[in-house]
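Welcome to the tour! Keep your viewer open, get ready to select residues by number, and follow along one stop at a time.

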Amino acid sequence: MTRRYTISEVALATGLEECEIRFYEQVFREYLTFSKLSPNHTEFTQDHVDLLRRIKDLIQKQGRSIDEVKRELKGALNKPVRREVTSHVVTPTPVPMSTRYARVIAVTSGKGGVGKTFFTVNLAMALIQAGKRVAIFDADLGLANVHILLGVKPRFNLRHVVEDNFKLDDVIVMGPNGVKLISGGQGVREMANLSAEQRRTILRTLDQVEREVDILLVDTGAGISDNVLRFATFADEIIVVTTPNIAAAADGYSIIKILFEMEPNSKIGLVTNMVNNMYHSKNIYNRINTTCQQYLGNSVGDLGFVVGDPHVEASCQTRKPLMLEYPYSEAAKCMRAITETILNDKVFVNRQKESAFGDLMGQLKRTMVGM
């Protein structure tokens, strides 16, 4: 028997106020035609609860406008669905997915100078060497420098997408080993302070490339600016890079704290850079993780470490990724070990948080086609 919910139970399950639920009923009525929602109707199904959660996520967390949400819902409903109809139930028959969504991993840090961009670039190379198709979105807007470590020179960047209506294909640059790069622009002050609408434009743009690769790495800026935090919480998983420096470790904990406050279901892993050895790394990880457990009630994963290695600076100076220039260096071995951990489905996959971009063909069909 299908469970029925009162509006009070729906409010508790979704975190919405009852007035918000009634508002969404009216605004999105055209996409709720399968239901019997009305101002006097007090029963809801699980499908209604799931849809209201999805609408809340799009509007409150992703900052979408009402019209943008309607377009997404309309696009999902326009996809063909085969149905087996009985006198009471409409059951969706599974349809093979033609659209596959990539895994989105954000790389961030609380402090600059910890090697975050170096890590992102070489993680991309290691993932490609492991057989994955990878793109990097340089979300350090206005101070983007991924292209420098990749040894490429983008002619256009996301500023042209936001301000000049360029297509994404116009700003994508192919880097070493076939990595795709989307540059956030360098020396462009306006890009560092995007409006909510401009961020939404970028996120919608990323949806295209996210369909064409296996993994999208988002290299955020350092610190706790709104741009950094929004792009980080948008990802499926988050990697925080820190070093033995006491200020870097303290700032690393601070950004972890804020990320958990913004998205309690975040999956966060820690990478310690420039350490002497595994024991040095474990000491740093244990201090940060113990503090997270004690004060935040959450844990962070230990993804591994990168030892201090002169080949790192040498590769940066030549603008060639370490994994290609010095593949047998100690730091490169560390990067391969970290990559194995990240690709282990039993270790670093977020199963508590909905996909970054949302699989509308699957999730919304299941939500919107019901009793």
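Let's start with two helices that touch. Select Phe119, Asn122, Leu123, Ala126 and Leu127 in H5, and you will find them meeting Met335, Ile338, Thr339 and Ile342 in H15. Sorted by class, this contact of H5 with H15 has seven nonpolar and two polar residues, and no charged ones. Please remember as you look around that this is a predicted model.

Now show both helices whole: H15 covers residues 330–342, and its axis comes within 9 Å of the axis of H5, crossing at roughly 70°. An angle from 65 to 115 degrees counts as roughly perpendicular, so that is how H5 stands to H15.

**Next stop: the sheet**

Keep H5 (residues 116–129) selected and look at what it packs on: a sheet, where H5 touches S3, S4 (134–139), S7 (215–222), S8, S9 (268–275) and S10. Compare directions too, since H5 makes about 175° with S7.

Now colour the strands of the sheet. How many strands does this open sheet have, and in what order do they come? There are eight, in the order S5-S6-S4-S7-S3-S8-S9-S10, and their pairing is mixed. Strands in a sheet pair through backbone hydrogen bonds, either parallel or antiparallel.

Which strands stand at the edges? Select S5 (172–174) and S10 (301–307): each has a single partner strand, so one side of each has no neighbour in the sheet. Turn the view and follow the twist, which averages 25° from one strand to the next.

**Zoom in on S3 and S8**

Select residues 103–109 for S3 and 237–242 for S8; these two strands pair in the parallel sense, over four bridges. Within this pair, click on Ile105, whose bridge partner in S8 is Glu237.

Stay with Glu237 and show its side chain. Which residue forms a salt bridge with Glu237? Arg103 does, with the closest N and O atoms 2.8 Å apart. Side chains of opposite charge can pair when their charged atoms come close. This pair links distant parts of the chain, as Arg103 in S3 and Glu237 in S8 are 134 residues apart. If you want to hunt for others, the structure holds seven salt bridges.

**On to H11 and H12**

Select residues 246–262 to see H11, which lies across S3, S8 and S9 and runs at about 160° to S8. Then add H12, residues 278–295: the axes of H11 and H12 come within 10 Å and cross at roughly 35°. The crossing is right-handed.

To see what touches, show Ala249, Tyr253 and Ile256 of H11, which meet Ile288, Thr291, Cys292 and Tyr295 of H12. Six residues of this contact are nonpolar, one is polar and none is charged.

**Last stop: H1 and H3**

Finish by selecting H1 (residues 7–14) and H3 (residues 46–61), whose axes come within 10 Å and cross at roughly 45°. That angle makes H1 oblique to H3. Like the previous stop, this one has a handedness to check: the crossing of H1 and H3 is right-handed. Show Val10, Ala13 and Thr14 from H1 together with Val49, Leu52, Arg53 and Lys56 from H3 to see the contact. Here the classes are four nonpolar, one polar and two charged residues.

Methods: Residues are numbered from 1 along each chain as its sequence is written. This is a predicted model: local features need pLDDT of at least 70, side-chain atom pairs count only at pLDDT 80 or more; totals for chains, interfaces and linings use all residues. Side-chain values use heavy atoms; hydrogens and water are left out. Axes are lines fitted to C-alpha atoms, for helices over the stretch in contact, and angles run from 0 to 180 degrees between N-to-C directions. Angles under 35 degrees count as roughly parallel, over 145 as roughly antiparallel, 65 to 115 as roughly perpendicular and the rest as oblique. A crossing is left-handed if the near helix is turned anticlockwise from the far one by less than a right angle, and right-handed if clockwise. Contact means heavy atoms within 4.5 Å. Ala, Val, Leu, Ile, Met, Phe, Trp, Tyr, Cys and Pro count as nonpolar, Asp, Glu, Lys and Arg as charged, and the others, Gly among them, as polar. Two strands pair if DSSP finds at least two bridges between them. A salt bridge is a side-chain nitrogen of Lys or Arg within 4 Å of a carboxyl oxygen of Asp or Glu.
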